[in-house]
Amino acid sequence: MLAIRQDRRIKLKIPLGLIAVMLWSIVTIAQETTPLINSRLDGVILDSITKEPLGEVTLRLEGVTHSTKTDDDGKFQFITGQKFPYTIIISYVGYKTKTIVANGSPITILLERDDSAIDEVEIVGYTKVKRSALTSSMSVVKGKDLSQAPYTSVIEKLQGQVPGLLITNDSGTPGTSVLVRLRGTNSVNGGNEPLYVVDDVIINSDNLQGLNLGGQLVNPLSDISTNDIESITVLKDANATAVYGSRGANGVILIKTNRGSNRKPRVNFGLQTGTSKTRNLWELVTGEEHANLVNEAFVNNGGLYENRPFRPVNESTTAFPAWGLPEEQETYDRLSAIWRTAVLQRYNLSVSGGNVNSNFYIGGEYLNQPSTVKEQDFSRYSFRVNLDHKLSDRLKIGTSNNISTTPRKLIRVGDGGTGLFQAALHTPTFYPIFDENGQYNTHFTFENVYAMLENTDTESNSIRSLNNVFAEIKIIPSLTFKSSWSSDYNIYKEHSYFSTKLVAGQPAGNATYNNTERLTLSADQLLNYNVSTISGDLAVFLGNSYQFTDKGGHTITGSQFPSDQHRQIVSAGVRNGTTTASSASLLSFFGGINYSYKDRYVIDGTFRSDGSSRIGKDHRWGHFPAAGFNWRVSNEEFFPKSDNFSELRLKASWGLTGNAAVDDFQSLGLWSGGSNYGDNVGIVPSQMANADLKWEKTRQWNFGLTGVLLNQRLDFEINYYDKYTKDLLLSSFPVQDITGFSSITYNAGEISNKGIEFIANSDNLKSKHISWRTTFTISRNTNKVEKLLQPITGGYRQFRLEEGHAISSIWVHKQLGVDPQTGNVIYEDVDGDGQITQEDRQLLGSVWPDFEGGLRNSITYKSFDINANITYRWGNRLYNYTKYFLESGGVRGTERAIQKSQLNYWKQPGDINVLPRLSSTTNPDGSRNYEPASANSYSSRFLEDASFIRLKDITVGYSLPSRITRTIGVNQAKATFTAANLITITKYSGPDPEANSASDRALVQGMDFNSVPQPISFLFGLNITL
Amino acid sequence: MRYQSKIYLLLIMLIWTTSCSDLLDLQPEASVSDEGVISDKKTSLAALYGIYDNIQNSYTPTLTAFNLAGDNVISYATPTIIVPDRNAEDNGGAPFAAFYVTINRANFIIKRVPEVVDNQLTDAERDQIVGEAYFLRAFAYFDLARFYGGVQIVTEPTERIDTHKGTKRSTLAETYNQVLADLDKAEELISGETDRSRATKFAVYALKARFFLYTEQWEQAEEYASKTISNSNFSLVKPFTTFFTDRLSKESIFEVVYTAVDASTYWRSWLSTEDGGNQTYVPEPSLIADLLDPAKGGARKNILKQSVQEPELYAVQLYGKKDGTSSLFALRIAEQYLIRAEARTKKSNPDIEGAVSDLLEVQSRAEVTPLFTHNAVTTVEDVLVAIEEERRLELAFEGHRFTDLIRTNRAAEVLGSYNPLLKEPYQWVFPIPASSVEKDPDLEQNKGY
């Protein structure tokens, strides 16, 4: 376990007094009195159309606090001190609230559906607000509406459902990273991920991975099961997120997991199984075609014909090895060796229930999801316990706990000589797999793919525990105090062994073992005050939060193993070890007020102050105010009462949020050790001081309009926002080389994001047997770097951050065509000096789409239902770096494979619509048709439009009718069939338009280099509730 | 009870707030704050080893870039390119920033070690540490000048982001003056003579000899080369391969060393795939032929290893220890002989006899048969051609060839025959990496790039 080290200058001072006081208060308040019984009311509540019983419905006695809930058969019992007649208010999520006067028992109550759900209560930060009184922009997705497609984390299942939330699967490998951007990209290094809060626990969403997997990153959100989710709330504008202060700038995603309720225990069992397969792969040239291309390029580059690489084997010259004539070349297929049909299995079992005072939810899940790429595998074992208990009418305590372990098998896929795709895709097809002795033939740059598949040994395991306990005390009916204590503990272990059969295992085996741990403790104290008067409702809250994170780990490497049977580092001849340690703390005070006047006007404001240990001492405290206004126009006298236009709300908000998600201790000038020379210990200056390091701050305006039309069959919401980020944090802001440092964490610029979002829900059909509901979302965001001290090129040189352009814009020479006469490439000569130089490179688009969104259709017919999700994106670009290598005109010789499309190149004067002539020498204007292996100037011909429309998933379900389920003694039984990624329409020439293969580099988004495409999956699921 | 609760709530908030006044003052555990880090003998030495640590990192790409730029070494992946040309985006992998990392670390020592108060640190030890820092700074500026011509000169440690703002490039002469000034300081301060993995008196002499060769001060070049040659601790070791199969042999004057724990991966770039390497860099075919020729290469053929599968392919064994302990040979005695031979030939009053005797020392160690012979008709030009050829073979993979051809003004003829662009003088210095120019408004790119 990661103990809080004693030698730390600061220690966690948990005030014992506080705990004592709390315990005492609990005991005092927990005393109850026995009520007097005067009447007893029995009844049943049914859906007004389907006449199905409704469970979980709340019945409240008017004027007093007494309430009860229906059981699964819709039955309830009211025992009260009141005498008949009395008024009860019946409310249920998704139904119109009904008020009736009860005058005798039993009764049957019919509830009408309310699909606009405007009075649903939403959790906004630290308070709960009726949807109609929201001043902010937010979206809610119910757990049951999450996609059935085989994604390991909840975030992937949200794609296309929330306007303004851009979600890209970086890779088709289960459990790997997802690019998530809410309302655009505000920051470069300050973190762009939204803040994830699971049951009041602010969770860490940056991964602890230490191994280089060629750009592939594991996704820490995959630690959380997707089965236990009740709902997901996405807070978008600053008024909703400012109360999260320094961490709210990228939006907040609140995840609520299932809790028990007052009913008899219910057992739910689910299983899902199915297969995944990858399609749309690259097509490579034959061995003979490869040889001809290389020979032609060799001669065009000025090589002598008699020295061409593919010449008769016995023609020995002083030049390089003779590979034999082109027609003698065989074609070897490596690519198909790495794929497989992957079989997924998922089982989950949960029990939930409770009584008036206590309820519980216990859930467990096992998931095994192999990748369609061999040697990659994701599993998850997770277990959840949520408990709530009412000690009295005033005091409630509860806990949420999740523990999971996610073992993975991994392989290095993307960049780097030892990657699987380099071995399978980039090794030339003519190159024999075996040598004359039947041994694996190792290419000079890449691994032998079979050797790799047989000898890769890389595994990781993330063990994660998320825990929260809370107590909520009603001090007076209008004032509650909630104290919440949380921890997020994550151990990430990984080990790899490269055997001597691999290039990476030379000379005698190489092993790495990493163990990283992170513990985040937080304490939140919150006071909530709510009063209702005839004219309006007032809600006030005040709180305090403290969070402490301790992160550390060790890496041990070993080499010089006695044999491949000895893989543990203990057997290594040479062992090396290193450790890391880091910590951060955040202290916050916040408060807010919300006043709603006559259900027409709502005004609210929040304020938060955050102090972070990461920020330079002089700028440590950040202050984040926000305010909002909501006008329910339809409640005005002048608004005509009409079923065709029943609801109209306008809202506006403004707020400031912050960001300090940089590494710890970036403001200090530091020296570090470990820079040894031979056997001598060395120390070096490792970080330049920047005492001026400030918070990154984002200001956001939001204007929204909500309407409900056509007898509540159509509702829509439209939001416009304008975000402006100042003091942009760049963790790798380049400094002059003469300083002896490469970069510094610096506040270096300003970025704006402006956009519009639209969502509409339409009930196209609504009757007893058939219903059809459509949800359509569309959003647009424009991102622009408004100010930047200097252009920055990072990671890969074709990605650039420059004033006046979107972040991660692609910086290339614009190819106008190929000269039909000479076959040479023609680039736009921007500065008109007749030469193609660096100055002529242009920023020509980015991965950020002009528009994106989704379309969801849900149809139910009797016992059948169909759900289909379509996502689409328009105007996004990808840099097809795979193609850059595979369409390299034969100039890379025997180093790289060539793809089939290369064959369409310029051969004679007059050829048009072709790739340039095969050569890599410098053309008269300074351009090059193809790049030699080491060069680095990029053509726009690899910059592609990656717009797409994708049928993300379609699920057909059949539920056993209740008369059958009753006879077999189950509550519900449903079978589903899901197809995922069935159809994708795109012009993009690579295998998947959603690729993002260098997500580990902040400036490089939109690069496709050996990305694993998302597979097509067919899944069968079964869900039984007892 | 209501009032009680309220009071306790207030108390809770109060206790909480007061206990968190210093919650935000965390100190890093993995690193140490800048101030006072060099405080005694131990930390002074550790900071010095920190410079050597960077030499390990920077000297490898230095060798690679110089080797590939000449006509001795080519990339296996692009066998048609014997001599590449360069552009700002692709400057052949020449390091730039890495030199300034060395310089900054040296500047810290030069400024702070003289101020260290520690009884354990004797004056001689203090001088040695500061002297080595001067030597390593000179070494960095010299290589910067060889790559780029005149560069920005900084002699103060970087303590703030704006410490060096506004520093423009110096001329080549000014940069060379800095090299000489630092070498003079190093000569004055360094007393160590024995540790070949660090800067000794002789390393200073040897680098000075090289410096005078490049600046064509022949008498001084001869004088400084002689200082090491005449010392009995240094000799041409036999057989030829001993200097790289052994470690810190008598051949070495300054050797950048690695250990199995502090290992180098350079061997991967040079060994063939049969030996577990990537054969990234391979010798140029005509150089192979010359090394295999007894009259030219002699025993130096053993620096090569023939491939079994591809008999035309030879891999270089110089950096070939697979446990990563192969050294980089920055200064060795054979170069000093050849420097002296050239200086003796070129000085105003040529000493052909002496020059040839130096040349023969190197040839005989390499068991070349027959040896170079001279007689009455041998001209100065003949000797210079022989020296140039000898340098090409003797120092084949140690990064000398390209700059030798530049400084003797032979680049257009020799390199230009492989790549016409190399006839253009702008190609004789490297372009500063485009990314370095981008981030420094005071850093002007070399003309032509």
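Select strands 26 and 27 of chain A, and begin at the turn between them: this hairpin has three residues between its strands, and one residue to pick out is K598(A), which takes a positive phi near 50°. Keep in mind throughout the tour that the model is a predicted one. With the turn in view, extend the selection to residues 574-597, which form strand 26 of chain A, and residues 601-612, which form strand 27 of chain A; the two strands run antiparallel and are joined by twelve bridges. To see one of these pairs directly, show F590(A) together with R608(A), its bridge partner in strand 27 of chain A.

Strand 27 of chain A also leads onward, since eleven bridges join it to strand 28 of chain A (residues 621-632), again in an antiparallel arrangement. A convenient place to inspect this second pairing is D604(A), which stands opposite G628(A) in strand 28 of chain A. If side chains are displayed while you look along these strands, one general point may help: in a regular strand the side chains alternate between the two faces of the sheet.

Next, zoom out to chain A and colour the assigned domains, where domain 1 covers 36-111 and domain 2 is assembled from the segments 156-259, 272-278, 340-808, 846-882 and 945-1025. The C-alpha centres of domain 1 and domain 2 of chain A lie 41 Å apart.

Now select strands 1, 4 and 7 of chain A, which make up an open sheet of three strands in the order 4-1-7, with mixed pairing. Strand 4 (75-80) and strand 7 (107-111) of chain A are at the edges, and each has a single partner strand, so one side of each is left without a neighbour in the sheet. On average, and with direction ignored, neighbouring strands of this sheet are turned by 30° against each other. Within the sheet, strand 1 of chain A (residues 39-47) pairs with strand 7 of chain A in the parallel sense over five bridges, and the pair to label here is L46(A), which stands opposite L110(A) in strand 7 of chain A.

Another sheet of chain A comes next: select strands 10, 13, 14, 15 and 16, which form an open sheet of five strands with mixed pairing, in the order 10-15-16-13-14. The edge positions belong to strand 10 (138-142) and strand 14 (201-203) of chain A, each with a single partner strand, so that one side of each is left without a neighbour in the sheet. Here the average turn between neighbouring strands, direction ignored, is 20°. Inside this sheet, strand 13 (residues 195-198) and strand 16 (residues 252-257) of chain A run parallel and are joined by four bridges, and L195(A) has V252(A) as its bridge partner in strand 16 of chain A.

Move now to chain B, and select helix 2 (residues 41-69) and helix 3 (residues 97-112), which pack at an angle of about 165° with their axes 9 Å apart. Helix 2 and helix 3 of chain B are therefore roughly antiparallel to each other, and helix 2 of chain B passes helix 3 of chain B in a left-handed crossing. To display the contact, show residues of helix 2 of chain B including I51(B), N54(B), I55(B) and S58(B), along with residues of helix 3 of chain B including V101(B), T102(B), R105(B) and I109(B). Taken by class, the residues of this contact are eleven nonpolar, five polar and one charged.

A second helix pair in chain B is helix 6 (residues 201-214) with helix 11 (residues 333-346), whose axes come within 10 Å and cross at roughly 35°. This crossing is left-handed. Select A206(B), A209(B), R210(B) and L213(B) on helix 6 of chain B, then Q336(B), I339(B), E342(B) and A343(B) on helix 11 of chain B, to bring up the residues that make the contact; by class they divide into five nonpolar, one polar and two charged.

Finish with the domains of chain B, where domain 1 spans 38-191 and domain 2 spans 266-326, with C-alpha centres 30 Å apart. Nine residues of domain 1 of chain B are in contact with eight residues of domain 2 of chain B. On the domain 1 side of this contact, the elements that give two or more residues are helix 2 and strand 2 (73-75) of chain B, and strand 2 of chain B supplies the largest share, three residues. That side of domain 1 has four nonpolar, four polar and one charged residues.

Key. Residues numbered from 1 in each chain as written. Chains lettered and ligands numbered in written order. Predicted model: local features only at pLDDT ≥ 70, side-chain atom pairs only at ≥ 80, totals over all residues. Axes fitted to C-alpha atoms, helices over the stretch in contact; angles between N-to-C directions. Parallel < 35°, antiparallel > 145°, perpendicular 65-115°, else oblique. Left-handed = near helix turned anticlockwise from the far one by under 90°. Contact = placed C-beta atoms within 7 Å. Nonpolar A, V, L, I, M, F, W, Y, C, P; charged D, E, K, R; others polar. Domains from an automatic or database assignment. Pairing = 2+ DSSP bridges.
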